[in-house]
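Thanks, everyone. I will go through a few packing and pairing details of this chain, and then what the database record says about it. Please have the structure open.

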Amino acid sequence: MKEKLVVIGNGMSGLRTIEDLLELEKNKYDITIYGEEPYVNYNRIMLSYLLSGEKSFEDTIINHETWYEQNNIILNKGDKVISIDKNSKTITSQNGKIESYDKLLIATGSKPFIPNTFGSNLKNVIAFRTKEDSDTILRLIDKEKTAVVVGGGLLGLEAAYGIAMHGIKTILVHRSASILSQQLDSTGGKLLQQNLEKYGIEFKLNTTVSEIYGDEVVEKVNFSDGTLVDSNIVVFATGIIPNTSLAKEAELECNKGIVVNDYLKTSDDSIYAIGECVEHSGNTYGLVAPLYEQAKVLAKVLATKQTVGYSGSTLSTRLKISGVDLFSAGDYLGDETTENLILLDEKVGIYKKLVIYNNKIIGMVLYGETADASWYLKLLKEETDISDLRTKILFGKSALGDSGHGGNDINSISDDEEICGCNGVCKGDIVSAIKEKDLKSLSDVKSCTKAGASCGSCLGLVEQILVNTLGDEYKNIEEGICDCTTLGHKEIKSTIDNGEFKTVYDVFKKLDWKTQDGCVKCRPAINYYLLVKYNDDKYKNDKRSALVNDRVLANIQKDGTYSVVPRIWGGLTSPQELKDIADIAVKYDVPTVKFTGGQRLDMLGVKKEQLEPMWKDLNDCGFVSGQAYAKGLRTVKTCVGNTWCRFGTQDSMGMGVIIEKLTWGSWTPHKFKIAVSGCPRNCAEATIKDLGVIGVDSGWEIHIAGNGGIKVRVTDLLCKVETDEELLEYVKAFMQFYREDAYYLERTAHWVERVGLEYVKDVMLDKQKVNFYAKRFEESQKHAQIDPWAKAIEEGFTKEFSPIVLNPEESHSFEAKEI
């Protein structure tokens, strides 16, 4: 008969223990889990990406409902355990369930610490620890107000970044002189602060929140430096407290946390504890890697397998902010007995510091370049004598190849070197899993080993190991584009290119789709590939397969209203056009009118039922849709060029208007932005656009595949041309080649990085191919340059925008009558 194992807590440490236990012993326990939150197990490490909008909640889920079902685990979501009875070996839940156990695992995690500040009891004063916190922050942030984040540690920085990514003015308050003071020295903190300031975060260091004012909700925040700001939200990220309340009430031994021995056993022989709620040898841990190390030990204990006890963890830190590479571990400050090896390039943004004691690394800070983090950490953990490596060690492992200590490829990494710090997975674990379980894709490796399944920063190394292990068998196997199919973009595109299809359903049928109607991921992709093949004249763009913004021809806002952006050719307008827009904004009582970064006017806060009449009024004034919502051309940004500027070498405004009128209405895999600068001073920022044009004395430079978003990518120079005619030919050809070759939702930057710049140049520097793609672009534009606003009105599609109003007098009344 199976023993009964009850787990209190449905979070990462408790569930990792269960995963490891099932790997060792599938049939030893009947497992029941109680979770306070109403969700399956999700990855809290990725909360910052959830807040910033870079990931969806689905992306953060570790264990789906099916995992619990397949492993015969009973999950009680949203049901908090309120008491433990050690004598009767039972627990009682908030919903009144009484559950008996043979073994009990407490994994209650931690509670956020919010200091007792004047006004800290007001509504909109919240922590940042859960999905609910993230949802609350997203609901409350307001572009008219300032968001205040208190605490310059990991969570505070990630919360501030996530809020700032929505265009919200964000102030981060930290009582120390340097941010991330528990993980970085002052130099690293300064470099990190300079980087984060680029995202619009204002830092107040050596400062605290004195008072929070408001009538029930936050209205103003007063700082210790005397400044006062209007605010409607204060996020505290000022530390955590082990959640020991249940354990204390059950009279288990507790200090800072629930006291456990090396085998994670509490003061009761039948009760174990793990994670942020525990105290081991006087230490508590708030990072995920130590918790997963505890899980490995505890899983073996529960499976009655022989194991070495848990002896504590060396803490290492990575920051979960896109575009920021940061790693620290060990004693990164040192003292008078230690020495520092330092590499610093402030202009490039690289800082490496190794703290040395008796010729051994005892701590490190890596900023801007973290590729060798796992190697340095291995040297630290193994207490390696680095006497012979000192002169080259700061330049990374590849610099030591000639001395026999390593090389510049994946083979130089030893099997016991850690690849995934979040999940404690070494290279040898990954290699063994690939060989023994016939893993073929990144998805397989993530599912099986958990390497790369948390913050994702190690996925590049994981893929290298996959390629190196499989050798010729590795065929860069694509993952399915969604759960409806196992096929990737490449196979789907090939099938469509080589077949005949009238609708997305024809494709689903041909490729044996698992679902009849597809889903929000695959339907738009298939619709796009059919549009690429047939153009607008032979294939009717299926609006029902489009995402909401493409479907309603406007960008939905967080309050359910929409933004309307008319096209402004090349950023050039006139007093009459400005007056027309102003009159229309007044007529429809538009709450916000804003100049965009693409040199247009954005009318925000438009109700859905106002879209159709507003579009008609704009059409009547000569405007067409700016397609600010579209997977297609967005804007052509220009500087004034030689028309007005004394430095201008070419007519960038005139050329920008020509290019926009040539390319508007076009559809592409993702949004497409163009800029034309009149001279190399590049005032139109052409070198961070999908297609950038820069005027020079001899003609025009053409740049491609730039990106100015979260992760900035500077363009690659494609070529130089002498005439306007040549330039326009390349513009048409590049757009057409990109739209036919790239995957749906793949920006030009990601496309070029995937296929390689030389691959693109092989096509774009061949005049015959340029002519071929340019002609195909011209053909596709014949039926594409129709104003979508006017077309939607003409076809009656906008009828769905009208609110449904029921007239009670015309409604039938039905009564149940006895027969």
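Helix α23, residues 757-764, packs against helix α24, residues 767-781, at an angle of about 85°, and the two axes are 6 Å apart. Angles of 65 to 115 degrees count as roughly perpendicular, and α23 and α24 are therefore roughly perpendicular to each other. On the α23 side the contact involves Asp762, Val763 and Met764, and on the α24 side Lys769, Val770 and Tyr773. By class, four of the contact residues between α23 and α24 are nonpolar, none is polar and two are charged. Keep in mind that this is a predicted model.

Now the sheets. Which order do the strands of the five-stranded open sheet follow? The order is β31-β32-β33-β34-β35, with mixed pairing. The edges are taken by β31, at 633-638, and β35, at 716-721; each has a single partner strand, so one side of each has no neighbour in the sheet. On average, neighbouring strands here are turned by 15° against each other, ignoring direction. At the β31 edge, the partner is strand β32, residues 672-677, and the two pair in the parallel sense through four bridges. One pair to look at is Leu633, whose bridge partner in β32 is Phe672.

There is also an open sheet of four strands, in the order β27-β28-β30-β29, and its pairing is antiparallel. Here β27, at 555-556, and β29, at 592-595, are the edge strands; a single partner strand each means that one side of each is left without a neighbour in the sheet. Between β29 and strand β30, residues 601-606, there are four bridges, and the two strands run antiparallel. Within that pairing, Lys594 has Asp602 in β30 as its bridge partner. What packs on this sheet? Helix α19, residues 611-620, does, touching β28, at 562-564, and β30. The direction of α19 makes about 5° with that of β28.

Last, the record. An unreviewed UniProt entry annotates residues 4-282 as a domain, "FAD/NAD(P)-binding". In the model, residues 4-282 are 24% helix and 29% strand, with the end C-alpha atoms 30 Å apart. The unreviewed entry also gives a domain "BFD-like [2Fe-2S]-binding", covering residues 419-466 and 481-530. For residues 481-530, the model has 50% helix and 0% strand, and the end C-alpha atoms lie 16 Å apart.

That is what I had; I will take questions.

Note on methods
Residues numbered from 1 in each chain as written. Predicted model: local features only at pLDDT ≥ 70, side-chain atom pairs only at ≥ 80, totals over all residues. Heavy atoms only, no water. Pairing = 2+ DSSP bridges. Contact = heavy atoms within 4.5 Å. Axes fitted to C-alpha atoms, helices over the stretch in contact; angles between N-to-C directions. UniProt positions renumbered as here; feature names shortened; annotations may be inferred. Parallel < 35°, antiparallel > 145°, perpendicular 65-115°, else oblique. Nonpolar A, V, L, I, M, F, W, Y, C, P; charged D, E, K, R; others polar.
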